[in-house]
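Let's take a walk through this fold together. Have the sequence and the 3D view open side by side, and we'll go piece by piece.

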Amino acid sequence: MISIKQFYLNELRECCYILWDQTKECVIVDPGISSKSEENRIIKFITENNLTPVKLLLTHGHFDHVMGCAFICNKYQIPIYIHPKDKMMLSHAKQTCQMFGYNIDEPPTNTIDINDGDFVDFGNSKLEVINTPGHTWGSVCFYSKEDKFCLTGDTMFAGNCGRTDLPEGDNSSMYNSLINIIPKKLAPDTDIYAGHGTNSTMAEELANNPYLNPKIWI
Ligand SMILES: [Zn+2]
């Protein structure tokens with residue numbers, strides 16, 4: 001059984017997640033850590049719960065999701081898992097952060113590729129990787145069928161979807177991800193944990209999220 005802790009980090013209120021199971025091994029997803037106090041919040045939680053970080057997972061390469069990669073990798077000596085199509089963005093993260101007024105250390109470049117259909121494991125648990133391009137080409141969701149939840153990154157938010165107007169965005173891919181991939185893969189009783197905003201369920205999204213309705217895209 002996977003437990004989930006959510007943190008809102010940096011000025012964009014990006015959602016970082018720590019997932020762990022009974023073995024106390026954990027993965028850290030999207031560490032958008034932007035300050036010493038945010039570093040301390042994450043470390044405190046890991047220490048107080050006796051967790052052992054084993055992997056750093058990224059839903060995509062945008063700067064607000066990756067700002068704390070160098071810190072986490074140095075602190076816990078763990079590798080970064082990212083879709084190959086977003087690796088370039090990660091390698092530009094320091095530059096991009098500077099444009100937004102954040103001074104970060106360069107994220108490590110020796111990352112591990114994750115592709116659609118892969119499983120990422122930790123402890124006795126595993127997460128399925130679903131490639132959902134649109135917000136970025138290498139955007140992925142992390143899905144646990146057993147524990148009925150999905151981390152949707154900036155692909156799907158409660159009642160909304162991620163931007164597609166940035167250079168690495170693509171509207172027709174987003175349509176395909178939201179109309180053909182996500183609703184077919186995720187059962188209605190799946191809990192949704194997004195990259196920004198509040199949590200939801202797939203049933204709520206099917207009922208309320210206008211972007212899951214093909215008609216809005218015409
Ligand atoms: Zn993003």
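One convention before we start: helices (H or I, at least four residues) and strands (E, at least two) are DSSP runs, numbered from the N terminus. With that in hand, find Trp-217, which sits in the segment after α7 (202-208). Keep in mind that what you're looking at is a predicted model. Is Trp-217 buried, exposed or partly exposed? Its count is 14 other C-beta atoms within 10 Å, so Trp-217 comes out as partly exposed; for burial, the count would have to be 20 or more. Trp-217 also lies 10.0 Å from Met-174, C-alpha to C-alpha, with their positions 43 residues apart in sequence.

Now zoom out. The protein has 7 helices and 14 strands, and its C-alpha trace spans about 45 × 40 × 25 Å along the principal axes. How does that square with a compact globule? For 218 residues the rule gives a radius of gyration near 17 Å, and the protein has 16 Å, so the two agree. Of the residues, 44% count as buried. Sequence-distant pairs do plenty of the work too: among contacts with a separation of 6 or more, 62% join residues 24 or more positions apart.

So much for the overall picture; next, the inside. In soluble globular proteins, nonpolar side chains tend to be buried together. Here the largest nonpolar core has 56 residues, and those touching the most other members are Tyr-17, Leu-19, Cys-26, Val-29, Leu-56, Phe-142 and Cys-150. Strand β2 (residues 14-20) is the biggest giver, putting 6 residues into this core. Pick out Cys-150 and look past its neighbours within four places in sequence: Cys-150 is in contact with Cys-141, Phe-142, Tyr-143, Leu-186, Thr-190 and Ile-192.

That brings us to some strand pairing. Strand β9 (residues 140-144) pairs with strand β10 (residues 149-153) in the antiparallel sense, over 3 bridges. One bridge is easy to find, with Ser-144 partnered by Phe-149 in β10. Both strands belong to an open, mixed sheet of 6 strands that runs β7-β8-β9-β10-β13-β14. At its edges are β7 (119-122) and β14 (200-201), each pairing on one side only.

On to the helices, starting with α1 (residues 36-48). Its 13 residues should span 18 Å at 1.5 Å a residue, and the end C-alpha atoms are indeed 18 Å apart. Which of its residues are buried? They are Glu-38, Ile-42 and Ile-46. Down the helix axis, these fall within an arc of 70 degrees, so they line one face of α1. An α-helix has 3.6 residues a turn, so residues three or four places apart point the same way. The buried residues of α1 pack against β1 (3-9), β2, β3 and β4, while the other side holds exposed residues: Lys-36, Ser-37, Asn-40, Lys-44, Thr-47 and Glu-48. Just past the helix, Asn-50 takes a positive phi of about 55 degrees.

Helix α3 (residues 69-76) can be read in a similar way. Its buried residues include Cys-69, Ile-72 and Cys-73. They cover an arc of only 95 degrees around the axis, which puts them on the same side of α3. Covering the buried residues of α3 are, among others, β3 (25-29), β4 (52-57), α2 (63-66) and β5 (80-82). After α3 comes Gln-77, with a positive phi near 55 degrees.

Conventions
Residues are numbered from 1 along each chain as its sequence is written. This is a predicted model: local features need pLDDT of at least 70, side-chain atom pairs count only at pLDDT 80 or more; totals for chains, interfaces and linings use all residues. A nonpolar core is a set of buried Ala, Val, Leu, Ile, Met, Phe, Trp, Tyr and Cys residues joined through C-beta atoms within 7 Å. A residue is buried if 20 or more other C-beta atoms lie within 10 Å of its own, exposed if 12 or fewer, and partly exposed in between; C-beta atoms are placed from the backbone. Two residues are in contact if their C-beta atoms, placed from the backbone, lie within 7 Å. The arc is that of the directions from the helix axis to the C-beta atoms. The expected span of a helix is 1.5 Å times one less than its number of residues. The radius of gyration is taken over C-alpha atoms; the globule rule is 2.2 Å times the number of residues to the power 0.38. Two strands pair if DSSP finds at least two bridges between them.
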